[in-house]
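Please look through the structure shown below with attention to two things: how a helix is set among its surroundings, and how a set of strands is arranged into a sheet.

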There are 2 protein chains.
Amino acid sequence: MNQDAIKIVGTGLIGTSLGLALAKKGNVAQLSDSSKANLRLAIEYGAGEEQHLDPKLVVVCVPPDLTAEVVIEQLSLHPNAIVTDVASVKSEIQTAVLSQAKDSARYIGSHPMAGREKGGPASARADLFFARPWVITPSNSSSEAAVAMVRDLAIQIGALPIVMSAEEHDKAVALVSHLPQLVASTLAARLESGEESHLNLTGQGLRDTSRIASSDPALWLQILSQNSSEIAPLLSELRKDIEQLEKAFQNLSETGSLAKIHSLLERGTRGISRIPGKHGGKLVGYQQLTVVIDDSPGSLAALLTFIGEIGVNIEDLKLEHSPGAPIGLVEVFVVPESAEKLAKQLTENGWRIV
Amino acid sequence: MNQDAIKIVGTGLIGTSLGLALAKKGNVAQLSDSSKANLRLAIEYGAGEEQHLDPKLVVVCVPPDLTAEVVIEQLSLHPNAIVTDVASVKSEIQTAVLSQAKDSARYIGSHPMAGREKGGPASARADLFFARPWVITPSNSSSEAAVAMVRDLAIQIGALPIVMSAEEHDKAVALVSHLPQLVASTLAARLESGEESHLNLTGQGLRDTSRIASSDPALWLQILSQNSSEIAPLLSELRKDIEQLEKAFQNLSETGSLAKIHSLLERGTRGISRIPGKHGGKLVGYQQLTVVIDDSPGSLAALLTFIGEIGVNIEDLKLEHSPGAPIGLVEVFVVPESAEKLAKQLTENGWRIV
């Protein structure tokens, strides 16, 4: 694509990040934003320039509840351009565009599966989309050229294009993104009235389970409200399970109560085993070693340098918080074949592990 | 304490780990287990010895539903010893011991807040309790000597003793441990019937929210069933919130629906802000930098060595899975004062960040 081929409408987190990613490829995007301050910040960051040329591709990166309207506006403003958007829910926007835009063959919905807990151009990162899925959701009207153009854009900035229908996409994100958000928020809401001495016993389990509850309520309200028809049935099923548990715990001595609780826990283990592992593969049973380090610059590096020198690849790694203690516990996950060798070498070289 | 002062009954994960921790301090524990295989394995690991001396302290580390019975047995077997246990729920066991044991002044319940997803002596680690809370739950009958002896044990192996009543403890763990477990399992249970193409879009949010759902259902059934009176009301409150959400999503156009969803999301952000941060302090607003590394031995180490050399302390660190790409994204969390310097130095030295 030519330097002037892409126009980004909306220079928040996603729009500015996209501009930065394109700039790294030597492609200066044309930026526009209704907020002059945001636009200026994005330009100063190097996400593109304010120009008025004829774009080949317009990427609409405005908040979800403005997206359809701006897509329709851009289709009419640039009669030769392909127009896409990046909203997290696709069907409602697609329906609005198909019913109101004249030339909907040039519209192609898409959703880069990337974000941060903070929004705005100041939070933008050129690598936001790197190695993340970029879902492309063609309608029956979308031209092949439109699909190809967004696929090229995704590949250009290192994202992984995946084509599916808007309905499929919305069903998928209801399960893997919207339901977890609601569950995390509902769990975290219970902490509001918890006593401080109780919360002091919080371990990594609660931390992980509730982490995404710190996301922006205003943005999530827009996202969730556009996917209510997919979210409602999932919530109903979840509520039924919670109700079953509630009854079982209220009447624990009744026959069948323990079986109900056990069955739910079992279903959880089966469900989680279906989440794909690292690099798209199935979860491999990594082995975990926990090493103690002191909480100072370089101590984690020293550990990992040592592991690197033995030639062991770290598949995953977690730093554990240690309430009240100035040390860190590092959980190192390695393939089972490497675990014994690693444990032996670490111990022999004075690292504190078991 | 003398070398022969501590007896550990039950050489599973907790008992064996305790023996290993004591052994590191030069304190050889007296081990016992109804499974000869487990006992032998624990002894071979160096967790202690099979002796028949008179202990000063007996630590009962058997499964939760056997704990009360074994505590009572040990109190009668060793009429001069303090007896403690390590079960995750305290009130039910305390009530049983107080009503059935003759000399309950020598019983003191406790709960080291540590564990792993796998059980058994083979999963044991000497540092399992290091820097973790060890809750001590005296009854009205418990002697001061009993409390002091468990406190000394905790301090000896690097754990953090916290004294509270059994009722307080059970209320606390219902909120910070048992409810998150049930929520994670219920969420993960929904994945059982999810389509593979949908699950392929799973990001870090769902992974974190559901992680603990992979814990052992049989063990958790025992834990949860001993704390039903504390869990049931929390589940009821959670179910009410889910029901409210369900109705709001089913009738999104009705007045008040959006406000209900927004309010729940807001409550979640307030709740999560109450979780204490690293080292027992409140959450500090760390700044996050994401760096791209290749997925080979030593590449993470090279990054962290570099960061250590600049003198920047890493407060937290996450390795992100990158479906379909042979690279890793490392999220480095540092104090805001260090963020700019770190970003500058990384970029100048060829690291890929934003």
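Which residues of helix 1 of chain A are buried? In this predicted model, the buried residues of that helix are A:L13, A:I14, A:G15, A:T16, A:S17, A:L18, A:G19, A:L20, A:A21 and A:L22. Since a residue counts as buried when 20 or more other C-beta atoms lie within 10 Å of its own, and 10 of the 12 residues of helix 1 of chain A are buried, the helix is largely enclosed by the rest of the structure. Its surroundings can be named: the buried residues of helix 1 of chain A pack against helix 2 (36-44) and against four strands of chain A, namely strand 1 (6-9), strand 2 (30-32), strand 3 (57-60) and strand 5 (107-112).

As to its geometry, helix 1 of chain A runs over residues 13-24 and spans 17 Å from its first C-alpha to its last, which is close to the 16 Å expected at 1.5 Å a residue. The helix is followed by A:G26, a residue whose phi is positive, near 75°.

Turning to chain B, seven strands make up an open sheet in the order 2-1-3-4-5-6-7, with mixed pairing. Strand 2 (30-32) and strand 7 (160-163) of chain B stand at the edges of this sheet, and because each has a single partner strand, one side of each is left without a neighbour in the sheet. From one strand to the next, the twist averages 25°.

At one of these edges, strand 7 of chain B pairs with strand 6 (residues 133-137) of chain B in the parallel sense over four bridges, and B:I136 has B:V163 in strand 7 as its bridge partner.

Technical notes:
Residues are numbered from 1 along each chain as its sequence is written. Chains are lettered from A and ligands numbered from 1 in the order in which they are written. This is a predicted model: local features need pLDDT of at least 70, side-chain atom pairs count only at pLDDT 80 or more; totals for chains, interfaces and linings use all residues. Helices (H or I, at least four residues) and strands (E, at least two) are DSSP runs, numbered from the N terminus. The expected span of a helix is 1.5 Å times one less than its number of residues. Two residues are in contact if their C-beta atoms, placed from the backbone, lie within 7 Å. Two strands pair if DSSP finds at least two bridges between them. Axes are lines fitted to C-alpha atoms, for helices over the stretch in contact, and angles run from 0 to 180 degrees between N-to-C directions.
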